[in-house]
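Dear colleague,

I am passing on the structure below, and after it I set out what was found, grouped by topic. Please read the notes with the coordinates open beside them.

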Amino acid sequence: MELPKVDFQRLAFALLFPALISLGYLFFTGLNFFTPNETLLAFGASSAMPQNALIYFLVHAWYHHLFFNFAVLLSFGFVAFAALGKKHFLALSFSSAVISALVAIIIFPRFAFVGASAVASTLLAVAFVTRPKQSLYAILASILMISLLLTPFTTMVFASHLNELSGQKESLESDYQAVLQQATIKTGGDVNLAKQLPEVKAAETRLAGAEKVIEETLQSEQRSREMPVSNFMHAFGALYGFAYVFVFKREEIIKGIEFLKKAASKLLDKE
């Protein structure tokens, strides 16, 4: 039995945007599990910084935001590339990112936009209007990728990170108690006086720093989870994708419609 050939060019182009947003996430967050608000404001596309329309799609609010877009871009990019070819695939993907951001900041000048959701919606729309059958497989692939691979992995790694921070805190707490005990002996049993000694204050500062890191990590992740979703970017990206294909690849839309007609006809014949 001959195995189906893998279209490596198609796979490479489908991986382009997922790879870019992953590298962007690592670069902009400094290997954190969430993107600090300062980074979102500095690199988000906004009326104050419209030039960020060229890079905003590389910045994501937190790892689930990144992984959702990663899965959609990969799955539907693989399908859309078959209909578009490499030149139109690149032109549509990058123009969708930039134009969606510019239109969004004109309509919503008080907001900053981050994430590759516009591109993901564009490729999803293209896939569905040109390759409806393959798009159903792409949905399944996205769900499996997110639920069975990406989410469990990051949840495990984040839990491990918190455990590491907690371990550091416990170690510093033990050090603080040991230093305080030694200082109390030195001051003849006066605990209040011992707490004023430089070595005790230094140990207390280190412990407070570890507690602050844990608190900020949890708060930042919670803020990232609550980041508002731009339905406009999703809708505009999808409309832009359909319009692009309608102008430049209308024959592919006709193929998609013909497939749906045949599928509907077969269903009606069975009934």
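In which helix do F236 and Y240 lie, and how many residues apart are they? Both of them belong to helix α9, where they sit four residues apart, which is about one turn of the helix. Please keep in mind throughout that this is a predicted model, and that what follows was computed from its atoms.

Aromatic side chains

The structure holds 19 aromatic pairs. Among them is the pair of F13 and F89, which is edge-to-face, with 6.4 Å from centre to centre and 90 degrees between the planes. Because F13 lies in helix α1 and F89 in helix α4, this pair ties together parts that are 76 residues apart in sequence. Both partners, F13 and F89, are buried. The pair of F236 and Y240, by contrast, is stacked, with 6.4 Å centre to centre and 20 degrees between the planes. As for its cover, Y240 has a relative accessibility of 18% and therefore counts as buried, since the limit for that class is under 20%. F236 and Y240 are also members of one aromatic cluster, which F108, F111, F232, Y244 and F248 complete.

The nonpolar cores

The largest nonpolar core has 57 residues, and the members that touch the most others within it are Y56, F57, Y63, L73, L84 and L123. At least two residues of this core are supplied by each of α1 (8-14), α2 (16-29), α4 (63-107), α5 (117-130), α6 (132-186) and α9 (231-248). The largest share, 19 residues, comes from α4. If you would like one residue to begin with, Y63 touches Y25, F33, T154, F158 and E221, when residues up to four places away in sequence are not counted. Apart from the largest core lies another one, of ten residues, which includes L172, A183, A203 and A210.

In helix α2 you will find G24, which is buried, with a relative accessible area of 6%. The C-alpha atoms of G24 and I55 are separated by 8.8 Å, although the two residues are 31 residues apart along the chain.

Salt bridges

There are four salt bridges in the structure, and three of them are described here. In one, the side chains of R131 and E252 meet with a distance of 2.7 Å from N to O. This pair links distant parts of the chain, R131 being in the loop between α5 and α6 and E252 in helix α10 (residues 250-270), 121 residues apart. Both R131 and E252 are buried, and for E252 the assignment follows from a relative accessibility of 6%.

E252 also meets K255 in a salt bridge, here with 3.5 Å from N to O. These two residues are separated by about one helical turn, because they are three residues apart in helix α10. Unlike its buried partner E252, K255 counts as partly exposed, at 47% relative accessibility. Through salt bridges that share partners, R131, E252 and K255 are joined into one network.

Elsewhere, E199 forms a salt bridge with K186, and the closest N and O atoms of the two are 3.1 Å apart. E199 lies in helix α8 (residues 198-225) and K186 in helix α6, so this pair ties together parts that are 13 residues apart in sequence. On the question of cover, E199 counts as partly exposed at 31% relative accessibility, whereas K186 counts as exposed at 61%.

A nonpolar patch on the surface

Finally, I106, I107, F108 and F111 form a nonpolar patch on the surface, and together they have about 420 Å² of accessible area. Of these residues, I107 is placed in helix α4 and is partly exposed, with a relative accessible area of 46%. You may wish to look at this patch alongside the aromatic cluster, for F108 and F111 are named in the patch and also in the cluster with F232, F236, Y240, Y244 and F248.

With kind regards

Conventions:
Residues numbered from 1 in each chain as written. Predicted model: local features only at pLDDT ≥ 70, side-chain atom pairs only at ≥ 80, totals over all residues. Heavy atoms only, no water. Core = buried A, V, L, I, M, F, W, Y, C linked by side-chain atoms within 4.5 Å. Buried < 20%, exposed > 50% of the residue type's maximum accessible area, 1.4 Å probe, protein only. Contact = heavy atoms within 4.5 Å. Patch = residues over 30% accessible without salt bridge, like charges linked within 9 Å, V, L, I, M, F, W, Y side chains within 5 Å. Areas by Shrake-Rupley, 256 points an atom, 1.4 Å probe, with all protein chains shown as cover. Phe/Tyr/Trp six-rings, centres within 6.5 Å; stacked < 30°, edge-to-face > 60°.
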